Amino acid sequence: MITTPVVVDIRRGAIADLADLLADQRISAGGRVAVAVGPRSGGQLTESVRPTLREADFYTVEGGTVDAALRLAGQVRGRSYDAIVGVGGGKVLDVTKFAAARLGLPMVAVATNLAHDGIGSPVSILDNDAGRGSYGVPAPIAVIVDLDVVRQAPARSVRAGIGEVLSNLSAIADWELSRDLTGEPVDGLAVTLARTAAEAVAHHPGTLVDDDFLRVLAEGLVLSGLAMVVAGSTRPCSGACHEISHAIDLLYPERAGAHGEQVGLGAAFASTLWDDPESRSRGTLIANCLVRHGLPVTPAALGFSLEEFTAAVVRAPETRPGRFTILEHRDLDKDAVVAAVRAFSDRMNAAYATTGTKDSNGPAGPQTEESTPDT
């Protein structure tokens, strides 16, 4: 049996029908739920749903940490709620999923941006005393994405979701490589879900101003989460691309970019480490889509020197011990990584030097704490 959400509602105005959805799906007939919101947009979102959820209590989530999740669990414990509803970005949803798991309550995810594939995933990424950890949790029982709300999120946070979904293509290749060389089992359904999500986004002609593209991106993120549910791990959506991103987070915690930006760039780079034409074609597909939507395709565009990005690639395999990807297969020494990073950067600069950002939703801007994905 595969646990999936009882409902996925992706459309304009979806959040206004939250109370009806909870009742219709028998999650909470009377609306007796705990609602967790972020500190920045929490006030506005609270006022939009409070009139229809008169029996709900609202809690503010401060930061994406284990302590914040335990604090939320402590506030909610013993209050006889039917469910916990997380309304916000990646940090809010991850904290809420963890707290719900601690209490054994179903969790409803109401995403306010599309920066991450944690919308429907069985994973919470939370900061702890040792840095950042990945915690297995039950997947949300319902997923709601209001496109009107998503449009109000910083453009950069929505763009980041594009890089997150595209990285599935790199992760799947790594998983299949491990199957061929180490005998690791591969789940075909998980691969199908993850690949379908990535290819739908990669080949869609729209931009962030188009409802249809936002819907496809939201559906891709939800499918990625379901792929992880099916696989029982992050394997269909996390490979060398995510190892590189995790290394950047560890080495440059104060300068790390949006998670989706990092894994998108990591996927484009990792694809150049393969020798076959199919893999090179995959890398071109990823890079073309990143550029079309204004995402970085060189270390410099992400804010790092070639030396700094090289250090992250060298460190990357240590971030996921036991996971086999193209990085572990090639097992490049530092000099070889230096050469690979330089060749990648030169190739991207040559291919896209005259290409501007085509996404008409404006240049990337700073993310708010609430919209940072951290997944």
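Reading strands, helices and a pocket

Me: Where should I start, and how do strands β6 and β7 pair?
Reply: This is a predicted model. Strand β6 (residues 123–128) and strand β7 (residues 131–136) run antiparallel and are joined over 6 bridges. They make a hairpin, with 2 residues between the strands.

Me: Which residue stands opposite aspartate 127 in β7?
Reply: Arginine 132 of β7 stands opposite aspartate 127.

Me: How do I read a sheet, and in what order do its strands lie?
Reply: Read a sheet from one edge to the other, strand by strand. In this structure, 6 strands form an open sheet, ordered β1-β8-β5-β4-β2-β3, and their pairing is parallel. The edge strands are β1 (7–11) and β3 (57–60), each of which pairs on one side only. On average, neighbouring strands of this sheet are turned by 15 degrees against each other, direction ignored.

Me: Within the sheet, over how many bridges do β2 and β4 pair?
Reply: Strand β2 (residues 33–37) pairs with strand β4 (residues 83–88) over 5 bridges, in the parallel sense. One residue pair to look up is valine 37 and its bridge partner in β4, valine 87.

Me: Which strands does helix α3 lie across?
Reply: For a helix on a sheet, ask which strands it meets and at what angle. Helix α3 (residues 66–76) lies across β2, β3 and β4, and runs at about 160 degrees to β3. Helix α8 (residues 211–231) also packs on the sheet, where it touches β1 and β8 (142–146). The direction of α8 makes about 155 degrees with that of β1.

Me: For two helices, at what angle do α6 and α10 pack?
Reply: Take the angle together with the distance between the axes. α6 and helix α10 (residues 259–271) pack at about 35 degrees, and their axes are 7 Å apart. Their crossing is left-handed. On the α6 side the contact is made by Arg156, Ala160, Gly163, Glu164, Ser167 and Ser170. On the α10 side it is made by His259, Gly260, Glu261, Val263, Gly264, Ala267 and Ala270. By class, this contact has 4 nonpolar, 6 polar and 3 charged residues.

Me: Which elements give two or more residues to the lining of the second largest pocket?
Reply: For a pocket, take the volume, then the lining. The second largest pocket has a volume of about 350 Å³, and 16 residues line it. Ala173, Glu176, Arg195, Glu278 and Arg282 are the lining residues nearest its centre. The elements that each give two or more residues are α6 (155–182), α7 (188–203) and α11 (277–292). The largest share, 7 residues, comes from α6.

Me: How many residues of this lining are charged?
Reply: The lining of the second largest pocket has 8 charged residues, along with 6 nonpolar and 2 polar.

Key. Residues are numbered from 1 along each chain as its sequence is written. This is a predicted model: local features need pLDDT of at least 70, side-chain atom pairs count only at pLDDT 80 or more; totals for chains, interfaces and linings use all residues. Side-chain values use heavy atoms; hydrogens and water are left out. Two strands pair if DSSP finds at least two bridges between them. Helices (H or I, at least four residues) and strands (E, at least two) are DSSP runs, numbered from the N terminus. Axes are lines fitted to C-alpha atoms, for helices over the stretch in contact, and angles run from 0 to 180 degrees between N-to-C directions. Contact means heavy atoms within 4.5 Å. On a 1 Å grid over the protein atoms alone, a cavity is a set of points where a 1.4 Å probe fits but cannot get out, and a pocket is an open set with protein on both sides within 12 Å along at least five of seven lines; lining residues have an atom within 4 Å of a point. Grid points are joined across faces, edges and corners, and a volume is the space filled by probe spheres set on the points. Ala, Val, Leu, Ile, Met, Phe, Trp, Tyr, Cys and Pro count as nonpolar, Asp, Glu, Lys and Arg as charged, and the others, Gly among them, as polar. A crossing is left-handed if the near helix is turned anticlockwise from the far one by less than a right angle, and right-handed if clockwise.
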